[in-house]
Amino acid sequence: MQSQQIRAMIDTSVYEFLYLKHLGSLNKMVEEGKIIAYGCKVVRQELRDISPKLKYKGRSFRKDLLSIYDELTEKHDYPLEDVIENLAEQYWQEYDGGMPKRKLMNDFRIVAISSVHNLDVVISEDNNSMKSGPAVRAYLKANNVNRFRTPAFYSIEEIIP
């Protein structure tokens, strides 16, 4: 990974990995100024949708993941705006994969927020939808038309040294 400061959107799919293994390493990178972690309304809502009854080591998994999200993204949380919805819809129009729209639109919104706000990276473990070939081609095509830079996609393992 690059040595300059990375502006990264953290996808919902990463928070479990942070909680179980990588939070200390990511926090160190944030403290050292190597990475700025961003979030958005879409990711926070997906975390809120986790059942409050789900427990890990006797604690609320949902509450712990939301706490991690809030700590990492405290001043870097983007809203869902009309321009984001429009760009996500353009991604859908360009998408030629086989997944249904209802399964992809939140991924498309997360990438649209990252593109509109010129973030460097989207950290995601979602290889089958968000980081799939058809999805990435859709981002590139729509972003080129709109003159947005498409962020790079990395897994958490590729970011943590």
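# Briefing on the sheet, its helices and selected residues

Strand β1, residues 6–10, and strand β2, residues 35–40, pair in the parallel sense over four bridges. The structure described here is a predicted model. Both strands belong to an open sheet of five strands, in which the order is β5-β2-β1-β6-β7 and the pairing is parallel. The points below take up the sheet, then the helix α2 that lies across part of it, and then four individual residues.

**The sheet**

- The strands at the edges of the sheet are β5 (77–78) and β7 (152–154), and because each has a single partner strand, one side of each is left without a neighbour in the sheet.
- Within the pairing of β1 and β2, Ile6 stands opposite Ile35 in β2, while Met9 stands opposite Tyr38 in β2.
- Strand β1 is largely enclosed by the rest of the structure, because four of its five residues are buried.
- As general background, strands of a sheet pair through backbone hydrogen bonds, and the pairing is either parallel or antiparallel.

**Helix α2 and its packing**

- Helix α2 lies across β1, β2 and β5, and with respect to β2 the helix runs at about 70 degrees.
- Helix α2 (residues 41–48) also packs with helix α5 (residues 101–116), at an angle of about 140 degrees and with the two axes 9 Å apart.
- The two helices α2 and α5 are therefore oblique to each other, since angles over 145 degrees would be needed to count as roughly antiparallel.
- On the α2 side the contact is made by Val42, Val43 and Glu46, and on the α5 side by Asn106, Arg109 and Ile110.
- Sorted by class, this contact of α2 with α5 has three nonpolar residues, one polar residue and two charged residues.

**Ala88 in helix α4**

- Ala88 is found in helix α4, which covers residues 82–94, and with a relative accessible area of 0% Ala88 is buried.
- When neighbours within four places in sequence are left aside, Ala88 is in contact with Met105, Phe108, Arg109 and Ala112.
- Ala88 and Asn106 are 18 residues apart in sequence, and their C-alpha atoms are 8.4 Å apart in space.
- Arg109 therefore appears in two settings, as a contact of Ala88 and as one of the α5 residues that make the contact with α2.

**Ser60 in strand β4**

- Ser60 lies in strand β4, residues 59–60, and is buried, because its relative accessible area of 17% falls under the 20% cut-off.
- A polar atom of the Ser60 side chain lies 3.1 Å from the backbone nitrogen of Lys63.
- Not counting residues up to four places away in sequence, Ser60 touches Pro52, Leu54 and Lys55.

**Two loop residues with positive phi**

- Lys57, located in the loop between β3 (55–56) and β4, has a positive phi of about 50 degrees although it is not a glycine.
- Lys57 counts as exposed, because its relative accessibility of 72% is over the 50% cut-off.
- Arg147, located in the loop between α6 (133–146) and β7, is a residue other than glycine with a positive phi, here near 65 degrees.
- Arg147 likewise counts as exposed, at 74% relative accessibility.

How values were computed:
Residues are numbered from 1 along each chain as its sequence is written. This is a predicted model: local features need pLDDT of at least 70, side-chain atom pairs count only at pLDDT 80 or more; totals for chains, interfaces and linings use all residues. Side-chain values use heavy atoms; hydrogens and water are left out. Axes are lines fitted to C-alpha atoms, for helices over the stretch in contact, and angles run from 0 to 180 degrees between N-to-C directions. Angles under 35 degrees count as roughly parallel, over 145 as roughly antiparallel, 65 to 115 as roughly perpendicular and the rest as oblique. Contact means heavy atoms within 4.5 Å. Ala, Val, Leu, Ile, Met, Phe, Trp, Tyr, Cys and Pro count as nonpolar, Asp, Glu, Lys and Arg as charged, and the others, Gly among them, as polar. Two strands pair if DSSP finds at least two bridges between them. Buried means under 20% relative accessible area, exposed over 50%, partly exposed in between (1.4 Å probe, protein chains only). A polar contact is a pair of N or O atoms within 3.5 Å; within protein, one must be able to donate a hydrogen and the other to accept it, and residues adjacent in sequence count only if both atoms are side-chain atoms.
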